[in-house]
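Colleague: I'm new to this one, and I'd like a close look at a single part rather than a quick tour. Could you pick a loop residue, walk me through it, and then work outwards into whatever lies around it?

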Amino acid sequence: MPLPDLVSSHHTAWIHCADCPPHPVRYAVDADRLVCFGEDLPAGATNGRQLFVTIHEIAGGPALAEMNLTLHDVSADELDPNSVLELLEHVSLGRTAQEVDAAITRHRTRRLVTLG
């Protein structure tokens, strides 16, 4: 299922499930799916679960899109590397080369999920 035209990167997705309150996450777009870090999702957002997603601009405002999507755990190898980098755009990786290397190593082990 293609994503609605208004769904683009640099927005906030509010993730809801039947038994969890809405939770905001940063996302990137990879083809026709959203990508985010799984540990940022509510505990009830598990692999294979259908979730309700509402997209808002970063600063808030009215919903740009609403959709039901299924969550899938994925490895970084299954994604466009640019979508993973985009998730980290706002994250300081460190002040020194050693701090940056440590941050990159830490982020490589994070849970990545797609919603599509």
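Modeller: Let's start with Ala31, which counts as exposed because its relative accessibility is 65%, and the cut-off for exposed is over 50%. Keep in mind that this is a predicted model. Ala31 sits in the loop between strand E3 (28-30) and E4. Its backbone is worth a glance too: phi is near 60 degrees, a positive value, and this residue isn't a glycine.

Step along the chain from that loop and you reach E4, which covers 33-37. Here the picture turns inward. Leu34 belongs to the largest nonpolar core, a set of 21 residues, and together with Val53, Ile55 and Leu115 it touches the most other members. Six strands give two or more residues to this core: E1, E2, E4, E5 (50-57), E6 (60-74) and E7 (112-115). The top contributor is E6, with four residues. If you leave out residues up to four places away in sequence, Leu34 still touches a long list, including Leu3, Val7, Tyr27, Val29, Val53, Ile55, Leu69, Val113 and Leu115. Ala28 is on that contact list as well, yet it is counted in another core of nine residues, one that also has Leu79, Leu87 and Leu88 among its members.

Next along the chain comes Cys36. It counts as buried, since its relative accessibility is just 1%. Why does Cys36 have no bonded partner? The closest cysteine sulfur, in Cys20, is 12 Å away, so it's too far for a bond. Cys20 has a partner elsewhere: a disulfide joins it to Cys17, with 1.8 Å from S to S. In other words, a covalent bond links the two sulfur atoms. A search of the whole structure turns up one disulfide. Both of its ends are tucked away: Cys17 is buried at a relative accessible area of 9%, and Cys20 is buried at 12%.

That bond brings us to a hairpin, made by E1 and E2 with two residues between them. E1 takes in residues 11-17 and E2 residues 20-26, and they pair in the antiparallel sense over five bridges. One example to look for is Ala13, whose bridge partner in E2 is Val25.

Ala13 also leads us to Thr54, since Thr54 counts it among its contacts once neighbours within four places are set aside, and Thr54 is buried at 7% relative accessibility. Thr54 lies in strand E5. Its other contacts include Thr12, Trp14 and His16, along with Ala63, Ala65 and Glu66. Look at Ala65 in particular: it is 11 residues from Thr54 along the chain, and the two C-alpha atoms are separated by 5.8 Å.

One last stop takes us back to E4, at Phe37. The charged end of Arg110 sits over the Phe37 ring, 3.6 Å from its centre. As for pairs of aromatic rings, the count comes to zero.

How values were computed
Residues are numbered from 1 along each chain as its sequence is written. This is a predicted model: local features need pLDDT of at least 70, side-chain atom pairs count only at pLDDT 80 or more; totals for chains, interfaces and linings use all residues. Side-chain values use heavy atoms; hydrogens and water are left out. Two strands pair if DSSP finds at least two bridges between them. A nonpolar core is a set of buried Ala, Val, Leu, Ile, Met, Phe, Trp, Tyr and Cys residues joined through side-chain atoms within 4.5 Å. Buried means under 20% relative accessible area, exposed over 50%, partly exposed in between (1.4 Å probe, protein chains only). Contact means heavy atoms within 4.5 Å. Rings of Phe, Tyr and Trp (its six-membered ring) pair if their centres lie within 6.5 Å; planes under 30 degrees apart count as stacked, over 60 as edge-to-face and the rest as tilted. A charge sits over a ring if NZ of Lys or CZ of Arg is within 6 Å of the ring centre and within 35 degrees of the ring normal. A disulfide is a pair of cysteine sulfur atoms within 2.5 Å.
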